[in-house]
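Please open the model in a viewer and set the display to cartoon, with side chains available on request. The stops below are arranged so that each selection leads to the next.

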Amino acid sequence: MNADVTNNPCWSYGSCCCSLGEAPGPGQFPPNVETDDIGFLRQIAANVVADALEVSDVTIDTKRLYFGGHSNGAMLVQAMAAQTQGLVAAVCSHASSLMVAPSEDYVATPIHVVYGDLDTMFDFFLPPILDTWAPINGCTVNNIEVDKSGLYETQTWSKCFGNTTVETVKLYNVGHFPYLGISPNTSLSTGAYPGAVTPSIDTTLLSWNFCSKYQLDSPPKLPSPVSYIAADMFNTSFSDSTENSSSGITNGMTNGKGFLLSILFIFTINIII
């Protein structure tokens, strides 16, 4: 992210993380910044699909485009599902909620969110995950199951529009980084109440097992690939009317079955087999 655009690296589909300039007063936040990160990710998807075919002779099944992210990245990928009609086959994210309203033409999308019950972020500003997605997807049947390990519970809403499912995995005694082996006592692992432990559950595998079950009925309409995604291509508006720029980093590999676009809190984008 260009430092002229925001105070810190961020995705703009959430109220917590994108701002520019100084706070107007004590206890207040700096002005919000808006960039079209959804448009940016649509273009990334289009370029990856085209490049995989041209460079590696690999055809990606675009009916199986999955989006995953952590924290602010999870806000963005859930916004992708809510505001991008017919593109996202499923979302598998960690440690955040949907922060924007769905579009009028929203199509019910399978949603999977993993979080820790000692995550401070949910108490401060994040809306309850199931209270958001279950009614959006029109779900009517709810079931809670505690894993035999006793380390987490899965809450599943079914009988949803379009035969979709909304599912959360709540890890017990885990903070804002609910990933296998990440200690809550490192500088990376902020956002945990006292008593948080190192997760011993492979939650990324749980996420993949959920997402990979789903596919769209027909291929989505992607934008035409471009040779270079310019730094200022997806600027939209700024609260102080200042014109600036944004950029992103991509890396990873694809396969013929589809791909998972993973949007992390540390703002890398990984395309994973």
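Begin just after helix H4, at Gly 138, whose phi is positive at about 70°. The model is a predicted one, and every value quoted on this tour is to be read accordingly.

**Helix H4 and Trp 133**

Step back from Gly 138 into H4 itself and display its side chains. Ile 129, Leu 130, Thr 132, Trp 133 and Ala 134 are the ones to pick out, as they are buried. Keep Trp 133 selected and show its surroundings. Beyond its neighbours within four places in sequence, Trp 133 contacts Gln 78, Ala 81, Ala 82, Leu 98, Tyr 106, Ile 111 and Val 166.

**The nonpolar cores**

Which residues touch the most other members of the largest nonpolar core? Trp 133 is one of them, together with Phe 67, Met 80, Val 88 and Val 91, in a core of 35 residues. Colour the contributing elements next: helix H1 (37-56), strand E2, helix H2 (72-83), strand E4 and helix H4 (129-136) each provide at least two residues of this core. The most come from H1, which gives 7 residues. Apart from this core lies another, of 8 residues, including Tyr 66, Ala 89, Cys 211 and Leu 216. As a general background, nonpolar side chains in soluble globular proteins tend to be buried together.

**Helix H5**

Cys 211 leads to helix H5, residues 203-211, where the buried residues are Thr 203, Ser 207, Phe 210 and Cys 211. Turn the view to look down the axis of H5: the buried residues line one face of the helix, because they fall within an arc of 90°. Now add the strands on which this face rests. The buried residues of H5 pack against strands E2 (65-69), E3 (90-94), E4 (111-116) and E7 (166-171).

**Aromatic pairs**

The structure as a whole contains 5 aromatic pairs. Select Tyr 66 and Trp 208 for one of them: with ring centres 5.6 Å apart and planes at 85°, the pair is edge-to-face. Tyr 66 belongs to strand E2 and Trp 208 to helix H5, so that the pair links distant parts of the chain, 142 residues apart. Is each partner buried or exposed? Tyr 66 counts as buried, at 0% relative accessibility, whereas Trp 208 is partly exposed, with a relative accessible area of 31%.

Move then to Tyr 115 and Phe 122. Their ring centres lie 5.1 Å apart and their planes are at 45°, so this pair is tilted. Tyr 115 and Phe 122 are both buried.

**Strands E5, E6 and E7**

Select residues 152-158, which form strand E6. This strand is largely enclosed by the rest of the structure, since 6 of its 7 residues are buried. On one side, examine strand E5 (residues 141-146), which pairs with E6 in the antiparallel sense over 6 bridges. To locate the register, find Asn 143, whose bridge partner in E6 is Thr 156. The hairpin of E5 and E6 has 5 residues between the strands, and Gly 150 there adopts a positive phi near 75°.

Continue from E6 to E7. These two strands run antiparallel and are joined by 6 bridges. Here the register can be read from Gln 155, whose bridge partner in E7 is Thr 168.

**Two residues with positive phi**

The loop between E6 and E7 holds Lys 159. Phi of Lys 159 is near 55°, a positive value in a residue other than glycine. Lys 159 is exposed, its relative accessible area being 62%.

Select next Ala 95, in the loop between E3 and E4. Its phi is near 65°, again positive in a residue other than glycine. What is the relative accessibility of Ala 95? The value is 0%, so Ala 95 counts as buried.

**The whole chain**

Finally, zoom out to the full model. The chain comprises 5 helices and 11 strands, and 50% of its 273 residues count as buried. Among contacts with a separation of 6 or more, 59% are between residues 24 or more positions apart. Show the surface to close the tour: the accessible area of the chain is about 13,100 Å², and carbon and sulfur atoms account for 53% of it.

Conventions: Residues numbered from 1 in each chain as written. Predicted model: local features only at pLDDT ≥ 70, side-chain atom pairs only at ≥ 80, totals over all residues. Heavy atoms only, no water. Buried < 20%, exposed > 50% of the residue type's maximum accessible area, 1.4 Å probe, protein only. Helix = DSSP H or I, 4+ residues; strand = E, 2+ residues; numbered from the N terminus. Arc of directions from axis to C-beta. Contact = heavy atoms within 4.5 Å. Pairing = 2+ DSSP bridges. Areas by Shrake-Rupley, 256 points an atom, 1.4 Å probe, with all protein chains shown as cover. Core = buried A, V, L, I, M, F, W, Y, C linked by side-chain atoms within 4.5 Å. Phe/Tyr/Trp six-rings, centres within 6.5 Å; stacked < 30°, edge-to-face > 60°.
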